Amino acid sequence: VGGFDTAKAIGALMGQEVSESEPEYPFVRCNGGKSCVTLYDYEGVDGCKAALMLCDSRKGCSYGCLGLGTCVRACQFDALSMGDDGFPHVNKNLCTSCGNCIAACPNEILTFAKESEKVHVLCRSHDKGKVVKSVCENGCIGCKKCEKECPEGAIKVTNFLAEIDQEKCTGCGACAAVCPQGIIEVR
């Protein structure tokens with residue numbers, strides 16, 4: 001809160017050196033939303049953790065976003081809101097990167113992403129492709145097409161889920177172009 005100049009002034013008062021780093025913001029690693037099968041309508045304590053106490057997930061994918069807004073309520077700066085697509089959306093102008101939303105998400109859907117990180121996998125499922133396809137139109141099926149296509153070796157499929165090494169990724173988009181599920185996003 002207050003930006004780098006404020007942080008630098010506070011650091012000086014505390015006798016600490018403060019250096020500027022690349023901004024990081026919460027990023028939603030799920031693309032299922034309303035395209036993921038809903039197993040039941042949840043009516044109870046309003047929150048993702050409470051819903052998970054009843055069952056693995058109210059959604060067909062136990063790894064995905066539940067869409068109940070626990071992360072939104074954890075944000076003290078009104079930087080998150082639930083969209084019509086069933087996902088939290090981040091307003092970078094209000095976000096302080098405090099991480100409260102990330103800590104509040106029981107399925108670890110939110111993570112920090114730097115502005116320079118242009119390619120992201122929008123799935124967290126480690127289920128086999130057949131299981132993923134049966135519950136979600138937009139989940140990673142572990143086909144490894146992205147891994148084979150990447151000229152930098154920046155993407156690997158481990159336990160049926162593509163993961164990107166942001167240090168190696170050049171943002172060329174070759175992986176996204178061959179993804180049959182459309183779960184690799186190039187920003």
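**Exercise 1.** Which residues lie nearest the centre of the largest pocket, and how many residues line this pocket?

*Solution.* The model is a predicted one, and the pocket is best described in steps. Begin with the lining, which is made up of 15 residues; Gly 3, Ser 21, Pro 23, Thr 96 and Ser 97 are the ones that lie nearest the centre. Next, consider the space itself, which comes to about 470 Å³ in this largest pocket. Finally, assign the lining to secondary structure: helix H1 (3-13) and S1 each supply at least two residues, and H1, with three residues, gives the most.

**Exercise 2.** Determine how strand S1 is placed in the structure, and with which strand S1 pairs.

*Solution.* Strand S1 covers residues 24-28, and four of its five residues are buried, so the strand is largely enclosed by the rest of the structure. The cut-off behind this step is a relative accessible area under 20%. Turning to the pairing, S1 and S4 run in the antiparallel sense and are joined over five bridges. Within this pairing, Glu 24 stands opposite Lys 114 in S4.

**Exercise 3.** Work out whether Arg 124 is buried or exposed, and which side chain of opposite charge is nearest to it.

*Solution.* Locate the residue before judging its charge: Arg 124 belongs to the loop between strand S5 (119-121) and H5. Arg 124 is buried, yet it has no salt bridge. The nearest side chain of opposite charge is that of Glu 108, at 4.5 Å, whereas a salt bridge requires a side-chain nitrogen of Lys or Arg within 4 Å of a carboxyl oxygen of Asp or Glu. If neighbours within four places in sequence are set aside, the contacts of Arg 124 are Arg 29, Tyr 63, Glu 108, Ile 109 and Leu 161.

**Exercise 4.** For Glu 108 and Lys 144, establish the value of phi, the loop that holds each residue, and the degree of exposure.

*Solution.* Take Glu 108 to begin with, whose phi is near 55°, a positive value in a residue other than glycine. Glu 108 sits in the loop that runs between helix H4 (100-104) and strand S4 (110-114), and with a relative accessible area of 51% it is exposed, the cut-off for that term being over 50%. Lys 144 also has a positive phi, near 70°, and it too is a residue other than glycine. The loop that holds Lys 144 lies between helix H5 (129-135) and helix H6 (145-149), and Lys 144 is partly exposed, with a relative accessible area of 34%.

Definitions and conventions:
Residues numbered from 1 in each chain as written. Predicted model: local features only at pLDDT ≥ 70, side-chain atom pairs only at ≥ 80, totals over all residues. Heavy atoms only, no water. Buried < 20%, exposed > 50% of the residue type's maximum accessible area, 1.4 Å probe, protein only. Pairing = 2+ DSSP bridges. Lys, Arg positive; Asp, Glu negative; His and termini not counted. Contact = heavy atoms within 4.5 Å. 1 Å grid on protein atoms, 1.4 Å probe; cavity = no way out; pocket = protein on both sides within 12 Å on 5 of 7 lines; lining within 4 Å. Points joined across faces, edges and corners; volume = space filled by probe spheres on them.
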